[in-house]
Amino acid sequence: MVLKQALAQSHEYARMVVKEGDTVVDATMGNGNDTVFLAELVGKTGKVYAFDIQSIALEKTDEKLSQKNLEKRCILICDGHENMAQYIKEPVKLVMFNLGYRPGGDHSIATTGETTMKAVYAAMENLVVHGLIIIVIYHGGDTGFSERDYILKELPKIDSKSFAVMLTKFLNLPNNPPMLVCIERLK
Ligand SMILES: C[S@@+](CC[C@H](N)C(=O)[O-])C[C@H]1O[C@@H](n2cnc3c(N)ncnc32)[C@H](O)[C@@H]1O
C-alpha cells in the first residue's frame with residue numbers, strides 16, 4: 001500500500017524537521033520505540049525529553065536506549081506530559097504524542113483528552129517557528145473515542161495566525177485506523 005498509516009507518517013514528518021543537535025520531546029514514552037527513534041534523529045549533540053506516568057515505561061525505554069548507547073542524550077521523566085512546562089525551559093523542534101495505553105501493559109492507564117490538550121498547549125509555548133507537534137490518535141478500544149472527540153473539538157480553536165493544524169485520516173478502512181494530527185508553528 002502506498003498510503004501510509006499514521007505512525008509511519010508521524011515518523012516521516014519527524015525526519016523532515018528534526019536535525020542533528022535539536023531538542024525534541026516524546027510526550028508518551030510507552031515502550032520507548034519513539035524515544036529511540038527521536039534519539040537517533042537528534043544525534044550526539046541533541047536532546048530528547050521523554051514523559052510517561054508509569055515507571056515501567058521508563059524501565060523499558062532506558063533498557064532500549066542503553067542497548068543502543070543513546071541514553072546520555074535522553075532525559076526520562078516519570079510525570080504527566082501536562083506538567084512539561086515544569087521540566088522544559090528551552091525551545092523545542094518537535095513534540096510527539098502517541099496516544100492510548102502502553103502496548104502489552106495496563107489498558108486502564110491511558111492518555112485522556114483533557115491532559116493531552118493541556119500538554120499540547122504547554123508544548124505550543126516552547127515550539128520553535130516551523131517546529132511540529134505530532135499526535136497519533138488511537139481511537140476505538142477503551143477510552144479512545146472520548147479522547148479523540150475531545151481533542152478534535154479543541155484543536156480547531158487554535159489561533160490560525162500562529163499555528164496550522166492538520167488532520168489526516170482514512171475515511172473507509174475498517175477497525176478505526178489511527179489518525180494523525182500535525183500542528184506547525186507559523187510565527
Ligand atoms: C501508546 S503508548 C506510547 C507508545 C510509545 N510512544 C512507544 O513508542 O512505545 C501511550 C503511553 O502514554 C502514557 N501516558 C498516559 N497518560 C500520560 C500522561 N498524562 N503523561 C505522559 N504519559 C502518559 C501511558 O502510560 C502509555 O505508556
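Start by selecting threonine 23, which stands opposite lysine 47 in strand β2. This is a predicted model.

**Stop 1: strand β1 and its neighbours**

Now select all of β1, residues 23-26. Which of its faces are covered? Both are: Thr23 and Val25 are buried on one side, and Val24 and Asp26 are buried on the other.

Add β2, residues 47-52. β1 and β2 run parallel and are joined by four bridges. Follow the chain from β1 to β2: the path goes through helix α2, residues 33-42, and this β-α-β crossover is right-handed.

Next select β4, residues 92-98. β4 is parallel to β1 as well, with three bridges between them. To find a matching pair, pick aspartate 26: methionine 96 in β4 stands opposite.

**Stop 2: out to β3**

Go back to β2 and add β3, residues 74-78. Five bridges join β2 and β3, in the parallel sense. Look for aspartate 52, with cysteine 78 of β3 opposite. Between the two strands comes helix α3, residues 55-67. Together, β2, α3 and β3 make a β-α-β unit, and the unit is right-handed. Select α3 alone and see how it lies across β2 and β3, at about 165° to β3.

**Stop 3: the whole sheet**

Select every strand. In what order do the seven strands of the open sheet come? Read across: β3-β2-β1-β4-β5-β7-β6, with mixed pairing. The edges are β3 and β6 (163-168); each has a single partner strand, so one side of each has no neighbour in the sheet. From one strand to the next, the twist averages 15°.

Zoom in on the β6 end. β6 pairs with β7, residues 179-185, in the antiparallel sense over six bridges. Leucine 167 and valine 181 of β7 stand opposite each other here.

**Stop 4: helix α2**

Return to α2. This helix packs on the sheet and touches β1, β2, β3 and β4. The direction of α2 makes about 165° with that of β2.

Why is α2 described as largely enclosed by the rest of the structure? Seven of its ten residues are buried. Colour them: Asp34, Thr35, Val36, Leu38, Ala39, Leu41 and Val42. Then show what covers them, which includes α1 (6-17), β1, β2, α3, β3 and β4. Just past the end of α2, click glycine 43, where phi is positive, about 70°.

**Stop 5: two asparagines in loops**

Most residues other than glycine have a negative phi. Two asparagines on this tour have a positive one.

Select asparagine 69, in the loop between α3 and β3. Phi is near 60° at asparagine 69. Is asparagine 69 buried or exposed? Asparagine 69 is exposed, because 9 other C-beta atoms lie within 10 Å and a residue with 12 or fewer counts as exposed.

Move to asparagine 175, in the loop between β6 and β7. Its phi is positive too, at about 65°. Asparagine 175 counts as exposed, with 5 C-beta neighbours inside 10 Å.

**Stop 6: histidine 81**

Select histidine 81, in the loop between β3 and β4. Is this loop residue buried or exposed? Histidine 81 is buried, because 27 other C-beta atoms lie within 10 Å, where 20 or more count as buried.

Which residues does histidine 81 contact, apart from its neighbours within four places in sequence? Show Ala27, Thr28, Phe51 and Ala119. Now draw a C-alpha to C-alpha distance from histidine 81 to lysine 118: they are 8.3 Å apart in space and 37 residues apart in sequence.

**Stop 7: the α4 and α5 pair**

Last, select α4 (residues 113-126) and α5 (residues 144-154). Their axes are 8 Å apart, and the helices pack at an angle of about 40°. α4 passes α5 in a right-handed crossing.

Show side chains at the contact. From α4, take Gly113, Glu114, Thr116 and Met117. From α5, take Ser146, Glu147, Tyr150, Ile151 and Glu154. Colour the contact residues by type: three are nonpolar, three polar and three charged.

Conventions: Residues numbered from 1 in each chain as written. Predicted model: local features only at pLDDT ≥ 70, side-chain atom pairs only at ≥ 80, totals over all residues. Axes fitted to C-alpha atoms, helices over the stretch in contact; angles between N-to-C directions. Left-handed = near helix turned anticlockwise from the far one by under 90°. Contact = placed C-beta atoms within 7 Å. Nonpolar A, V, L, I, M, F, W, Y, C, P; charged D, E, K, R; others polar. Pairing = 2+ DSSP bridges. Right-handed = clockwise from strand over helix to strand, strands pointing away.
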